[in-house]
Amino acid sequence: MTSDIRSMLAEYTAMMRAQHYLHDDPPKILDDPFALRLLSTKMADAARETGFQTTIQWRVGALVLGRSRFAEDAFDIALKKGVRQYVALGAGLDTFSLRRPDLLTTVRMYEIDQPATQEWKKERMVSSGCGIPENIEFVPANLEEETVLEVLAKSSFNSAEPAFFSWLGTTMYLTNEAIFRTLESFARRLAPGSEITFDYRVPVECISPEDVENARLGWKAGADMGEPQFSFLNPLTLSDEVREVGFEVVENLSPQQLKERYFSQRNDPLEPMTHHHYIHLRIVE
């Protein structure tokens, strides 16, 4: 995907958060009253009209909701330890800054994304009346040409202080080599105590048989929209691989574990698909 074309998948992701907020019974996995306001008129109307209808919609919706909840819960723990920088890498239409006014004067937030999506988001935040919180800094990036830390060096980000990185819905659009180059640079140059959460696509042999066809259809749909996926990471070896780079593994969560944590008490079909896993890392002090 080029930097001058906004991400359609970012809007579909926000639409799923809006559908959950509007149509699903409490307790919400992610309580997001702002997602609807950032959507285009067409997508907002569709979100108001219906919630999740098909099995694939329920399960992909659960993946989107669950990964955000996983990352945000991890950040709340890091916050209690004194982390005061939050970086959303590939932020899309994420609304964390809008949903957390309690962090306005205590946490500096950075959103990294390709310029077209970022400009579109800022316009939607202003025109919808959400506004742009004073503690957020938008950092446009073409990560095919610059590294994450090179991009952040152009902002007020302080690499000498610990930071939390939320890296959701993004790694699968990179090669395995690019993912590990990014992690290696984090381990070398970020302050000890910094943390990273991300979700990652797993090989077909790690996916439940009932999800394989739907996963393949989703990968094809993304490619057809100009956002092909490239990487697979093996959940059985990933923990050892990131330890070699210099990280402590806080959690390496399977879809079943995510389901047990957030979805087990629900009476609806929300249940994450099994083609993504979720990991939480900390730079060793």
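Let me start with a term. Buried means under 20% relative accessible area, exposed means over 50%, and partly exposed lies in between. Keep that in mind for the salt bridges. One caution as well: this is a predicted model.

First pair: D268 and R266. Their side chains meet in a salt bridge, with 2.7 Å from N to O. Buried or exposed, where does R266 fall? R266 has a relative accessible area of 14%, so R266 is buried. D268 has 22%, and therefore counts as partly exposed. The cut-off of 20% falls between those two values.

While we are on charges, a word on the wider picture. Side chains of opposite charge can pair when their charged atoms come close. How many salt bridges does a search of the whole structure find? The search gives 21. Some share partners: R17, D32, E72 and R99 are joined that way into one network.

Next, a pair inside one helix. D73 and R69 form a salt bridge through their side chains, at 3.2 Å from N to O. Both sit in helix α4, residues 55-80. They are four residues apart there, which means about one helical turn between them. What about accessibility? D73 is at 28% relative accessibility, so D73 counts as partly exposed. R69 is at 27% and is also partly exposed.

Now a pair that reaches across the sequence. E195 and R282 form a salt bridge, and their closest N and O atoms are 3.0 Å apart. E195 lies in strand β5, residues 195-201. R282 lies in strand β7, residues 276-283. So this pair ties together parts that are 87 residues apart in sequence. Both E195 and R282 are buried.

R282 also takes us to F247. Which residues does F247 touch, leaving out those up to four places away in sequence? The list is L183, F186, A187, I196, V242, L281, R282, I283 and V284. F247 belongs to the largest nonpolar core, which has 37 residues. F247 is among those with the most contacts inside that core, along with F165, L183, F186, F198 and V242. Helix α8, residues 176-189, supplies the largest share of this core, five residues. There is a second, separate core too. That one has 31 residues, including L36, A44, V107 and W120.

On to helix packing, with α1 at the centre of the story. Helix α1 covers residues 8-23, and helix α3 covers residues 41-49. Their axes come within 8 Å and cross at roughly 30°. The two helices are therefore roughly parallel to each other. The crossing of α1 past α3 is right-handed. On the α1 side, the contact uses E11, Y12, M15, A18, Q19, L22 and H23. On the α3 side, it uses M43, A46, A47, R48 and E49.

Compare α4. The axes of α1 and α4 come within 9 Å and cross at roughly 90°. These two are therefore roughly perpendicular to each other. Here T13, M16, R17 and H20 of α1 meet V60, G61, V64, L65 and R67 of α4. R17 appears in this contact, and R17 is also part of the salt-bridge network.

Last item: the backbone. Most peptide bonds are trans. Where is the cis peptide bond to look at? A cis peptide bond joins P26 and P27, with omega about 0°. P27 is in the loop between α1 and α2, and α2 spans 35-38.

Notes: Residues are numbered from 1 along each chain as its sequence is written. This is a predicted model: local features need pLDDT of at least 70, side-chain atom pairs count only at pLDDT 80 or more; totals for chains, interfaces and linings use all residues. Side-chain values use heavy atoms; hydrogens and water are left out. A nonpolar core is a set of buried Ala, Val, Leu, Ile, Met, Phe, Trp, Tyr and Cys residues joined through side-chain atoms within 4.5 Å. Buried means under 20% relative accessible area, exposed over 50%, partly exposed in between (1.4 Å probe, protein chains only). Contact means heavy atoms within 4.5 Å. A salt bridge is a side-chain nitrogen of Lys or Arg within 4 Å of a carboxyl oxygen of Asp or Glu. Axes are lines fitted to C-alpha atoms, for helices over the stretch in contact, and angles run from 0 to 180 degrees between N-to-C directions. Angles under 35 degrees count as roughly parallel, over 145 as roughly antiparallel, 65 to 115 as roughly perpendicular and the rest as oblique. A crossing is left-handed if the near helix is turned anticlockwise from the far one by less than a right angle, and right-handed if clockwise.
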